[in-house]
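This report looks at how the strands of one protein chain pair and at how its nonpolar cores are made up. Please have the sequence and the model open while reading.

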Amino acid sequence: MQLIFATNNKNKLAEVQKMVSTIKIKTLAAINCTKEIPETAPTIKGNAIQKANYVTQNYQVNCFADDTGLEIEALNGEPGVYSARYAGANNNADANMNLVLQKLASHQNKKARFVTVIALNLNGKQHTFEGICNGTIINEKRGEKGFGYDPIFIPEGFKTTFAQMTQIEKASVSHRGKAIRKLVAFLNTL
Ligand code: IMP
């Protein structure tokens with residue numbers, strides 16, 4: 001059986017394929033899908049479902065899609081679905097982090113969580129898998145590894161940010177790692 005992962009990110013593909021032995025997983029390139037997939041839902045789960053449905057409906061294939069957001073308690077769940085473009089469409093991770101630090105500066109409550117949802121469309125049925133990582137936003141950036149908001153996020157039970165962890169350490173506690181392990185456990189039962 002073949003399964004399409006609605007991504008162009010080969011690192012994400014490799015991360016999942018390493019854990020699944022029975023199913024060949026391929027990226028969007030395998031179905032010649034070069035269009036930008038719409039992500040206009042108001043929730044993270046909605047976006048994952050929207051992306052998976054777009055691929056299944058337009059290419060008639062089994063597929064899964066993921067979506068992730070950072071939810072900060074004192075900012076009423078922001079940046080949430082806007083995590084990639086919090087400081088504006090043309091901005092980068094640094095600008096996004098600066099905006100978070102600026103908005104949180106006057107708040108005592110630094111609690112935050114990353115949420116990943118994976119939506120799987122398989123043989124006419126839809127399944128979703130969620131991974132949550134609770135933690136804290138610190139007041140300055142620490143570490144060079146990872147991406148996105150990693151330098152300002154310390155997961156619960158740790159003293160280092162995601163950006164100070166190896167990929168393996170991060171995956172063992174991260175939102176994406178948890179959601180992927182749930183997906184993989186399901187796929188391995190097929
Ligand atoms: P995506 O849905 O995986 O593309 O993630 C959306 C945005 O959330 C990214 O552009 C990053 O800003 C942020 N993000 C997602 N996953 C992580 C993570 O593991 N660490 C830090 N930031 C992340």
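In this predicted model, strand S1 (residues 2–5) and strand S2 (residues 24–26) run parallel and are joined by three bridges; strands count as DSSP runs (E, at least two residues) and helices as DSSP runs (H or I, at least four), numbered from the N terminus, and two strands pair if DSSP finds at least two bridges between them. Between S1 and S2 the chain passes through helix H1 (residues 10–17), and this β-α-β crossover is right-handed, which means that, with the strands pointing away from the viewer, the path from the first strand over the helix to the second runs clockwise. S1 also runs parallel to S3, with two bridges joining them.

| Residue in S1 | Bridge partner |
|---|---|
| Leu3 | Ile25 in S2 |
| Phe5 | Phe64 in S3 |

The largest nonpolar core has 20 residues, and those with the most contacts inside it include Leu70, Tyr149 and Phe153; such a core is a set of buried Ala, Val, Leu, Ile, Met, Phe, Trp, Tyr and Cys residues joined through side-chain atoms within 4.5 Å, where buried means under 20% relative accessible area (1.4 Å probe, protein chains only). Among the elements that give two or more residues to this core are strand S3 (63–72) and helix H3 (93–104), and H3 gives the most, with five residues. A second, separate core of 18 residues includes Ile31, Ile44, Val61 and Val115.

Residues are numbered from 1 along each chain as its sequence is written. Local features need pLDDT of at least 70, side-chain atom pairs count only at pLDDT 80 or more, and totals for chains, interfaces and linings use all residues, while side-chain values use heavy atoms, with hydrogens and water left out.

Definitions and conventions:
Buried < 20%, exposed > 50% of the residue type's maximum accessible area, 1.4 Å probe, protein only.
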